[in-house]
Amino acid sequence: MPVLVITGTGTEVGKTVVTAAVAATALAAGRSVAVLKAAQTGVRPDEPGDAAEVARLAGPVTTAELARYPEPLAPATAARRAGRAPVHPHEVAEAAAKLATEHDLVLVEGAGGLLVRFDAAGGTLADAAGLLSAPVLVVAPAGLGTLNTTELTARELRSRGLELAGVVIGSWPAEPDLAARCNLADLPDVAGAPLLGSVPAGSGGLSPAVFRAAAPHWLAPRLDGTWDAEAFRVREAPPAS
């Protein structure tokens, strides 16, 4: 898995923190890591973007950002309004492939969900993943509504012949409600892929040292971690009705 594409079921689901956890866990396993942010929106030129936040939390990773637009919009819209050139899927694929020649693992973090448009032609992160023949990790929220958006994302990946590596819950609440607890059993079913981790809510606010020490415990062995999906599901199981 030299390249892993990380998308979400929508915005604000924890993609960047999950990307940082995957990077930190890979670094702890002795792998060299690069993080590619295809298009950064809603951040000024003098502000740190998502790739910089991954590096702050995870440690010594190579970071790259193909484009940055000031307004917090879909990349195609943000590029058009800023009067700047958009990012195209082939550019994302080429940048990731180059990084893969120099690193053990390249994490490509998208913007928003799988089909958020990069350019006026409708190019998306899914197109870049197809060009790379790379597996896709889906970050999903824990609570009510996540089953629908997760299944829609999984169906789109399958329709394109892309591999869904698994699902990671981007923000597991300290006091999960009934829906979140039930979703632990239902998410793998609707996705047709395993649950590969659960990142505690607020993890992005941890100190880098604490984050790096904890990250392997949030992710499954396929992502170099020690997290056990079945043990977690049993521990967090809802009470009998």
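Let's start with Arg 81, which counts as exposed at 56% relative accessibility. This is a predicted model, and Arg 81 makes a handy way into its charged pairs. The side chain of Arg 81 meets that of Glu 71 in a salt bridge, with N and O 2.6 Å apart. Arg 81 sits in helix 3 (residues 75-82) while Glu 71 is in the loop between strand 5 (68-69) and helix 3, so the bridge ties together parts 10 residues apart in sequence. Glu 71 itself is partly exposed, at 26% relative accessible area.

Now for a pair with a buried partner. Asp 50 and Lys 37 also join their side chains in a salt bridge, at 2.9 Å from N to O. Here helix 2 (residues 50-58) supplies Asp 50 and strand 2 (residues 33-37) supplies Lys 37, so parts 13 residues apart in sequence get tied together. Lys 37 is buried, with just 3% relative accessibility, whereas Asp 50 is partly exposed at 21%. There's a third member to bring in: Glu 109 is linked with Lys 37 and Asp 50 in a network of salt bridges.

Helix 2 also holds a pair of its own: Arg 56 and Glu 53, 3 residues apart, or about one turn of the helix. Their closest N and O atoms are 2.9 Å apart in a salt bridge. Arg 56 is partly exposed at 37% relative accessibility, and Glu 53 is partly exposed too, at 25%.

Here are the three pairs side by side:

| Pair | N to O distance |
|---|---|
| Arg 81 and Glu 71 | 2.6 Å |
| Asp 50 and Lys 37 | 2.9 Å |
| Arg 56 and Glu 53 | 2.9 Å |

Across the whole structure, a search turns up 16 salt bridges.

Definitions and conventions
Residues numbered from 1 in each chain as written. Predicted model: local features only at pLDDT ≥ 70, side-chain atom pairs only at ≥ 80, totals over all residues. Heavy atoms only, no water. Salt bridge = Lys/Arg side-chain N within 4 Å of Asp/Glu carboxyl O. Helix = DSSP H or I, 4+ residues; strand = E, 2+ residues; numbered from the N terminus. Buried < 20%, exposed > 50% of the residue type's maximum accessible area, 1.4 Å probe, protein only.
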